[in-house]
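Hi everyone, thanks for making time for this one. I'd like to walk you through a fold, strand by strand, and then look at what sits on it.

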Amino acid sequence: MQNPHNTVHGGVLLCGSDLAVALADPDGPPHTTSVRISFLRPGDGNHPVTFTTRAVHRGRSLAVYEVSAGGPAGRPYTVATVIRER
C-alpha cells in the first residue's frame, strides 16, 4: 500500500509491526494493549518491507517486544514497542 509519493503508509507499518509480533511468538500473550512507534524515515513503497521482532521481556501475563521495519538498504523506517497481555 503506497501513498502518492511512493512511500508506505504509516498505518501499514504500525499494523505490520503488531502482526509481526503475533507471528513471531504465537504462544505469547494474545492481546495487544499498547503500541508505541517512532517513524524514522519514509518507507520506500517500491520494495518489500522486512519486519524484525525481538522479545525484550516475556512473562506469564505480559510481554514486551521491539519491532523494526526496514527495506533493502538495511536502514529502519520505524521502530516500535509492542506490549501484549493475557
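**A sheet and its helix**

Let's begin in the middle: β3 and strand β4, residues 76-85, run antiparallel and are joined by nine bridges. One thing to keep in mind as we go is that this is a predicted model. If you'd like a pair to find on screen, Leu-62 stands opposite Glu-85 in β4. The two strands, β3 and β4, form a hairpin with five residues between them. Have a look at Gly-74 in that turn, which has a positive phi of about 85°.

Now step to the other neighbour of β3. Strand β2, residues 50-58, pairs with β3, residues 62-70, in the antiparallel sense over eight bridges. Here Arg-58 is the residue opposite Ala-63 in β3. The connection is again a hairpin, and three residues lead from β2 to β3.

That leaves β1, which pairs with β4, antiparallel, over eight bridges. Glu-85 turns up again here, as the bridge partner of His-31.

So what is the order of the strands in the sheet? Reading across, the four strands go β1-β4-β3-β2, and the sheet is open, with antiparallel pairing. At the edges are β1, residues 31-39, and β2, each pairing on one side only. On average, neighbouring strands of this sheet are turned by 20° against each other, ignoring direction.

Next, the helix. Helix α1, residues 10-24, packs on the sheet and touches β1, β2, β3 and β4. Its direction makes about 50° with that of β4. There's a nice little check we can do on its length: at 1.5 Å a residue, the 15 residues of α1 should span 21 Å, and the end C-alpha atoms are 21 Å apart, which agrees.

Which residues of α1 are buried? They are Leu-13, Gly-16, Ser-17, Ala-20 and Val-21. Viewed down the axis of α1, these buried residues fall within an arc of 140°, so they line one face of the helix. That spacing should look familiar: an α-helix has 3.6 residues a turn, so residues three or four places apart point the same way. And what does that buried set pack against? The buried residues of α1 pack against β1, β2, β3 and β4.

Finally, turn the model round to look at the face of α1 that points away from its buried side. There you'll find the exposed residues Cys-15 and Leu-23.

That's my tour, so please jump in with questions!

Key
Residues are numbered from 1 along each chain as its sequence is written. This is a predicted model: local features need pLDDT of at least 70, side-chain atom pairs count only at pLDDT 80 or more; totals for chains, interfaces and linings use all residues. Side-chain values use heavy atoms; hydrogens and water are left out. Two strands pair if DSSP finds at least two bridges between them. Axes are lines fitted to C-alpha atoms, for helices over the stretch in contact, and angles run from 0 to 180 degrees between N-to-C directions. Contact means heavy atoms within 4.5 Å. The expected span of a helix is 1.5 Å times one less than its number of residues. Buried means under 20% relative accessible area, exposed over 50%, partly exposed in between (1.4 Å probe, protein chains only). The arc is that of the directions from the helix axis to the C-beta atoms.
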